[in-house]
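Q: Before the individual assignments are discussed, could the structure be shown, so that each label can be set against the rule behind it?

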Amino acid sequence: MGLNAKKSGKVTAWLEQLRQYAIYCLLPVTLFMLWWIAAHNAWMPVQILPSPEITWQTFKDLSANDLWWQLGRSLKLFVTGLSLGICGGIILGSLLGYSRTVEQYFSATFYALAIIPTLAWLPLFMIWLGIEDALKIFIIFKATLIPIAIHTQAGVRDIPPKLKETAAILRLSPQMTFLKLLLPASLSYFFTGLRLAMAAGWTSLIAVELLASSEGIGYLMVTGRQLFQLDIVFVSIFMIGLVGIFSDLLLQSLERRFVFWPHAALTAHAVERKSKAQVYKAWLIPVVLVVFWFLSTAQQWLSADILPTPFAVGQALFAGITDGTLLSAMYYSLYHALLGLALGSVVGIITGIVLGLFKPLQDIFAPTLNTLRLIAIFAWIPLLTAWFGLGDASKIIFIALATFFPMFIASWKGMLNVPQQLNEAADILKLSIWQKVKILILPSINPAIFAGLRLALLYSWLASFGAEYLMGSGNGIGSYMMAAQQYFEMDRVIAATLLVTILGAILTWLGKITENRATTWRRHKG
């Protein structure tokens, strides 16, 4: 009797698992069927929407030729840049988190440079490093170092004082302190930073390969787009997505294996107010760098074509502002970024809330959206330009797509953490869906939404640069910088970079102020 019950339980569990897989596959299978029907009924020309059979044949043909070699080239560069970024990020983050002195002198400069989108450095690096492998590796290094350093710093800095006291009482050696205290305490933060770093590095590599490369999976994709062979583009997107999915699954597996203790979220840590002395220390490194800049140009250690004088950069900045070219370019970039941010944020928040409210919809849509999120965002540009052209519409759609995913994930995760008592209160009060969302849910998920909004703001600014570089825009600060780079006008390039830095700092400050005001009630309850 007991054996039959055990077998029956296994069958029931197996059927439930099968049902879950069927639900998860419902949306992908539906999309595939729509693709097949649209292609075979010629709803769109084959140059715009190749059939699944053509795409599969292209995959087999490319596999027999250079598909795996192109992917291998990209992966080699990615692994090299990621390895350097991990090493640099761990060292820098550990120093910033462990040494109070290093943090006071270097942290402000580091975060100021981190504000600048990775692609905003591209015109400078193309002049300094060329367009070969060194450029790609350095871009990946820069993109991966920042999240690794930030999260490592947080992990090392926020070690509980009791653990430090225990290590001191036990008189642990420096090696044992690192192995038994620093490493376990920062490991969970490190994995969070590593996941963000891998996504940022892979995305940045694809963007550079789309813009300036003669090999790699991004180059293969842009070649297919130029020849209007979207079957090649589809295959390239599939391979890019496969790398993203495999990387994420690998990191999840490693994190489950090595991190098995609870840890606080980054948002749980308070921000320390800085004294005047600390503010002065924070300005020391920027002042030293500016003085070194003056000396290097005055002594002609570097050619003015490579590093113009501060006076030349100041003149270029003043001229660009007075004649309106810089301000006009910044306006167009900011307009596209904010419009795309608004569109992507609204759709992302609504999607996250709806999926959180209705479990069947969550089971159907969430797995597919999570999978699409792992495809490097710049991989969609060849498709968007083929379908929507090179005008403002395609740029805004691309930016909206880039900001949709962080807002969707933040809102959806916030919905999953809504206390059960709120749902019970809504049932007791017999609130409608709209009343429940407005009165109970939105205030509850506000912190998650604003955390996602700060990330989406960075994504919108990054996507705005990518759209201008890769969609042939004549306007915008990215186009301004690329045009200056092509004429080797380094003073204009650096002037525009300074303006981007200032705007990034303002946007970051506004984001923090808005978040603090919107969530004040959480810090002043009762």
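A: In this predicted model, a residue is called buried when its relative accessible area is under 20%, exposed when that area is over 50%, and partly exposed in between.

Q: Why is Asp 248 called buried?
A: Asp 248 has a relative accessibility of 10%, and because buried means under 20%, Asp 248 counts as buried.

Q: What makes Arg 195 and Asp 248 a salt bridge?
A: The rule asks for a side-chain nitrogen of Lys or Arg within 4 Å of a carboxyl oxygen of Asp or Glu; the closest N and O atoms of Arg 195 and Asp 248 are 3.5 Å apart, so the pair qualifies as a salt bridge. This pair links distant parts of the chain, with Arg 195 in helix α8 (residues 174-211) and Asp 248 in helix α10, 53 residues apart. Arg 195, at 29% relative accessibility, counts as partly exposed.

Q: How do you know that Lys 359 and Asp 363 form a salt bridge, and where do they lie?
A: Their closest N and O atoms are 2.9 Å apart, and the cut-off is 4 Å, so Lys 359 and Asp 363 meet the rule. Both residues lie in helix α14 (residues 359-373), four residues apart, which is about one turn of the helix. Lys 359 is partly exposed at 47% relative accessibility, whereas Asp 363, with a relative accessible area of 11%, is buried.

Q: What are the accessibility labels of Glu 489 and Arg 492, which form a salt bridge?
A: The closest N and O atoms of Glu 489 and Arg 492 are 2.2 Å apart. Glu 489 has a relative accessible area of 28% and Arg 492 one of 23%; because partly exposed runs between 20% and 50%, that label applies to Glu 489 and to Arg 492. Elsewhere, salt bridges that share partners join Arg 73, Asp 133 and Glu 215 into one network. By the 4 Å rule, the count comes to five salt bridges.

Q: What makes helix α9 mostly covered?
A: Helix α9 (residues 217-226) has 10 residues, and seven of them are buried; among these are Ile 217, Leu 220, Met 221 and Arg 225.

Q: What is unusual about the phi of Phe 228, just after α9?
A: Most residues other than glycine have a negative phi. Phe 228, however, has a positive phi of about 55° although it is not a glycine. Phe 228 is found in the loop between α9 and α10 (230-258), and with a relative accessible area of 34% it is partly exposed.

Q: Why is Ala 42 called exposed?
A: Exposed means over 50%, and Ala 42 has a relative accessible area of 57%, so the label exposed applies to Ala 42. Ala 42 lies in the loop between α1 and α2, and its phi is near 55°, a positive value in a residue other than glycine.

Q: How do you know that Met 44 is accessible enough for the nonpolar surface patch?
A: Patches are made of residues with over 30% relative accessible area, and Met 44 stands at 43%, so Met 44 passes that cut-off. The patch of about 680 Å² also includes Val 29, Phe 32 and Trp 43, and Met 44 itself lies in the loop between α1 (2-40) and α2 (52-64).

Terms used. Residues numbered from 1 in each chain as written. Predicted model: local features only at pLDDT ≥ 70, side-chain atom pairs only at ≥ 80, totals over all residues. Heavy atoms only, no water. Buried < 20%, exposed > 50% of the residue type's maximum accessible area, 1.4 Å probe, protein only. Helix = DSSP H or I, 4+ residues; strand = E, 2+ residues; numbered from the N terminus. Patch = residues over 30% accessible without salt bridge, like charges linked within 9 Å, V, L, I, M, F, W, Y side chains within 5 Å. Areas by Shrake-Rupley, 256 points an atom, 1.4 Å probe, with all protein chains shown as cover.
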